[in-house]
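Student: I've got a model open and would like to talk it through with you. Can we go question by question?

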Amino acid sequence: MKKILYILIFAFSLSNVSFAQEDDDAGGKLREKMVEYIQNKLGLSKSEAEKFQPVFLDYLRDMKSTKQQFRGDKLILQQKIVDLRIRYRDQFKPIIGESRSNAVFQHEREFVEKAIQERNDRLQNRLDGRANKKSGLLQ
Amino acid sequence: MNTGNNIQDELNELNSGLNPNSNNTPYSVPEGYFDGLAASVLAKVKGEAPVSASEEIAQLSPLLAGISRKLPYSVPDNFFQSNIENSEAFTSENEESLVLSFISKEMPYKVPTGYFANFPETVVEKLSDRGTKVVPMVKRKWMRLAIAATVTGIMAISGFFYFNNRGANTTTDPVTAVKKASTEELNDFIKSTVVNVTGNNVPVTAKNTTETKKLFNDVSDKELDAFLSQMPTDNEDIDIN
């Protein structure tokens, strides 16, 4: 009995560890897609893109931690996001110039809105699928 | 030409500190050593003049011969004899040892009378009497009651919140609330709130949707949710356009 209990605890902790590892890298693919999207929108050259990419990925990492840290206070969170963007805009300027450094955040928002749109579409499709199933069963 | 002289000359030219007379051997044989050598060896072989060990050592090594032959440590007189007498209990020839005589000869364990004779019957009897053993998950009655009470409590509380929220959702549904609100209330709300009426959101067109679909084609729902949770939402983000 005790052995089974230990095995269960061990398996449970292992699954937790694997979930934690998955969570660490969650959204990684979309972060890369976002970088690619912004680079295309800004029309960066190869050398510009090579310099821009690591800085932008750092920005996204900082954005994630800022959001986690100040989740409780919306106003502070907004302020911190603005601070973060100003700080990173200064880092983007020497790589891609001033005007394009400002445009980075507009394209970032565009991408997020597209992602939201995609998620909403998927949810809607799922709901429609369920409704169709139900109506099919009733008939 | 003598090579020894050459070396000597060369060493002299170089002002070397090495001995120029290196041809001379540094050791010498005592005088008349070889004269009597053959006779003395033959005498030793033939044993004509028997030599004692001490004399031989004295001849070979005067140092060894000079060392005293007395042992630096000594055993007291009758040391072993007295020890044997003192430990008579262990060395007695009598079979009855003094040590063993202190130990009781009674067996500490006993087998009940007729134990082995009736053993099979008792085992069979016990096995037939015994039904399937019931192992309770929780031995104590109060613990069972506590678990039942906890489960009931959790179900009641979660049920309460679930149904309460459902009720609340129906009453505070924003769409219903807006529909129910009067024009005056809506105007007041619009005046008191900063509303983005410029329509900066990306308009949903057919091309846009296709592009979006293509963009997120290989992205799972889980990844999409995780990514969006890391990015600022509409409420958290300020208008930068």
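Student: Over which residues of chain B does pLDDT stay under 50?

Tutor: First the ground rules: this is a predicted model, where local features need pLDDT of at least 70, side-chain atom pairs count only at pLDDT 80 or more, and totals for chains, interfaces and linings use all residues. Residues are numbered from 1 along each chain as its sequence is written, while chains are lettered from A and ligands numbered from 1 in the order in which they are written. pLDDT is the predictor's confidence in each residue, from 0 to 100, and the stretch you want has four contacts beyond four places in sequence (a contact puts two C-beta atoms, placed from the backbone, within 7 Å). The stretch with pLDDT under 50 is residues 194-200 of chain B.

Student: Which helix of chain B has the lowest confidence?

Tutor: Chain B as a whole has a mean pLDDT of 77, with 76% of its residues reaching 70 or more. Helices here are DSSP runs of H or I with at least four residues, strands are E runs of at least two, and both are numbered from the N terminus. Confidence in chain B is highest in α13(B), at 85, and lowest, at a mean of 65, in helix α6 (residues 88-91) of chain B.

Student: And in chain A, where is confidence lowest?

Tutor: Chain A averages a pLDDT of 82, and 79% of the residues score at least 70. The top goes to α4(A), at 92, and the bottom, at a mean of 53, to helix α1 (residues 2-24) of chain A. Residues 14-22 of chain A have pLDDT below 50, with zero contacts beyond near neighbours in sequence. Where pLDDT is low, the predicted coordinates should not be read in detail. So the name you're after is α1 of chain A.

Student: How many helices does chain A have?

Tutor: Read from the N terminus, its elements run α-α-α-α-α. Strands number zero in chain A, and helices number five.

Student: How are α3(A) and α4(A) oriented to each other?

Tutor: Helix α3 (residues 46-69) and helix α4 (residues 74-96) of chain A pack at about 170°, their axes 10 Å apart. Those axes are lines fitted to C-alpha atoms over the stretch in contact, and angles run from 0 to 180 degrees between N-to-C directions. Angles under 35 degrees count as roughly parallel, over 145 as roughly antiparallel, 65 to 115 as roughly perpendicular and the rest as oblique. So α3(A) and α4(A) are roughly antiparallel.

Student: How many nonpolar residues are in that contact of α3(A) with α4(A)?

Tutor: Residues meeting there include A:Phe52, A:Val55 and A:Tyr59 from α3(A), and A:Leu77, A:Ile81 and A:Leu84 from α4(A). Ala, Val, Leu, Ile, Met, Phe, Trp, Tyr, Cys and Pro count as nonpolar, Asp, Glu, Lys and Arg as charged, and the others, Gly among them, as polar. The contact has five charged and two polar residues, and the nonpolar ones come to eleven.

Student: What about α2(A) and α3(A): how are they oriented to each other?

Tutor: The axes of helix α2 (residues 28-42) of chain A and α3(A) come within 10 Å and cross at roughly 135°. A:Arg31, A:Val35 and A:Gln39 are the α2(A) residues in the contact, meeting A:Phe52 and A:Phe56 among others in α3(A). With that angle, α2(A) and α3(A) are therefore oblique.

Student: Is B:Asn15 buried or exposed?

Tutor: B:Asn15 has a positive phi of about 55° although it is not a glycine, and is found in the loop between α1 (3-13) and α2 (37-46) of chain B. A residue is buried if 20 or more other C-beta atoms, placed from the backbone, lie within 10 Å of its own, exposed if 12 or fewer, and partly exposed in between. Because B:Asn15 has 6 C-beta neighbours inside 10 Å, it counts as exposed.

Student: Which helix gives the largest share of the side of chain B that touches chain A?

Tutor: In total, 22 residues of chain B are in contact with 26 residues of chain A. α12 (206-215) and α13 (221-230) of chain B each supply at least two residues of that side. The largest share, seven residues, comes from α13(B).

Student: What ipTM does the predictor give the complex?

Tutor: Two scores come with the complex. The pTM is 0.42, and the ipTM is 0.72.
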